[in-house]
Amino acid sequence: DLLHTVIKGQVAVVDGWLGITGQSGDSGDEIALVADNREYQFVVPSGLSVSKGDIVYVDVTDLTGHTPDDAAYSTSAGGSKVAFFKATMDKNDDDVVTGVLLAHNALAS
């Protein structure tokens, strides 16, 4: 169940799962969370350098609602960071990176 409002297609941590929201929802709603290994385009923070082959991690404790804050993204592992995706192309000028989703059930208990 959601504790906060989300929009379709955003990165989110819900009930211990890191993924992409399948639809929009409000607090109390149940929604689909996509956590598969297809290739996607991800918008990353402008200050994060991402090259082809890099793994992008998300610190799942650095959230606003269900949404990771910009500071949650990095290319280094550790602590409460979960591997989110592996880049298949360099980040472009619009802060978009194409990559394969890795999150799956890394947080689910």
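## Pairing of E1 and E2

In this predicted model, strands E1 and E2 run antiparallel and are joined by 4 bridges. Within this pairing, Val13 has Leu18 of E2 as its bridge partner.

The two strands belong to an open sheet of 3 strands, arranged in the order E1-E2-E3 with antiparallel pairing. Strand E1 (11–14) and E3 occupy the edges of this sheet; each has a single partner strand, and therefore one side of each lacks a neighbour in the sheet.

## Val14 in strand E1

Val14 is also located in strand E1. Its relative accessible area is 9%, so Val14 is classed as buried, the limit being under 20%.

A long-range distance places this residue relative to a later part of the chain. Val14 and Asp93 lie 79 residues apart along the chain, and their C-alpha atoms are separated by 30 Å.

## Strand E5 and its partners

Strand E5 covers residues 55–59, and 4 of its 5 residues are buried; the strand is therefore largely enclosed by the rest of the structure.

E5 pairs with strand E9 (residues 81–87) in the antiparallel sense, over 5 bridges. In this pairing, Ile55 has Lys86 of E9 as its bridge partner. E5 also pairs with strand E8 (residues 73–74), again in the antiparallel sense, over 2 bridges. Here Val58 stands opposite Tyr73 of E8.

## Charged residues

Asp1, Asp15, Asp26, Asp29 and Glu30 together form a negative surface patch. One member of the patch, Asp29, is situated in the loop that connects strand E2 (17–21) with strand E3 (33–34). This loop thus lies between two strands of the sheet ordered E1-E2-E3. Asp29 has a relative accessibility of 32% and therefore counts as partly exposed. This value satisfies the requirement of over 30% relative accessible area for membership of a patch.

The count of salt bridges comes to 1. A salt bridge is formed between Asp95 and Lys91, whose closest N and O atoms are 3.4 Å apart. That separation falls within the 4 Å limit applied to such contacts.

## Summary of the strand arrangement

Two sets of pairings have been described. E1, E2 and E3 make up an open sheet with antiparallel pairing, while E5 pairs in the antiparallel sense with E9 and with E8. In terms of burial, Val14 of strand E1 is buried at 9%, whereas Asp29 is partly exposed at 32%.

Methods. Residues are numbered from 1 along each chain as its sequence is written. This is a predicted model: local features need pLDDT of at least 70, side-chain atom pairs count only at pLDDT 80 or more; totals for chains, interfaces and linings use all residues. Side-chain values use heavy atoms; hydrogens and water are left out. Patches are made of residues with over 30% relative accessible area and no salt bridge: like charges are joined within 9 Å, nonpolar side chains (Val, Leu, Ile, Met, Phe, Trp, Tyr) within 5 Å. Accessible areas come from the Shrake-Rupley method with a 1.4 Å probe; for residues, only the protein chains shown count as cover. A salt bridge is a side-chain nitrogen of Lys or Arg within 4 Å of a carboxyl oxygen of Asp or Glu. Lys and Arg count as positive and Asp and Glu as negative; His and the chain ends are not counted. The place of a charge is taken as NZ of Lys, CZ of Arg, CG of Asp or CD of Glu. Buried means under 20% relative accessible area, exposed over 50%, partly exposed in between (1.4 Å probe, protein chains only). Two strands pair if DSSP finds at least two bridges between them.
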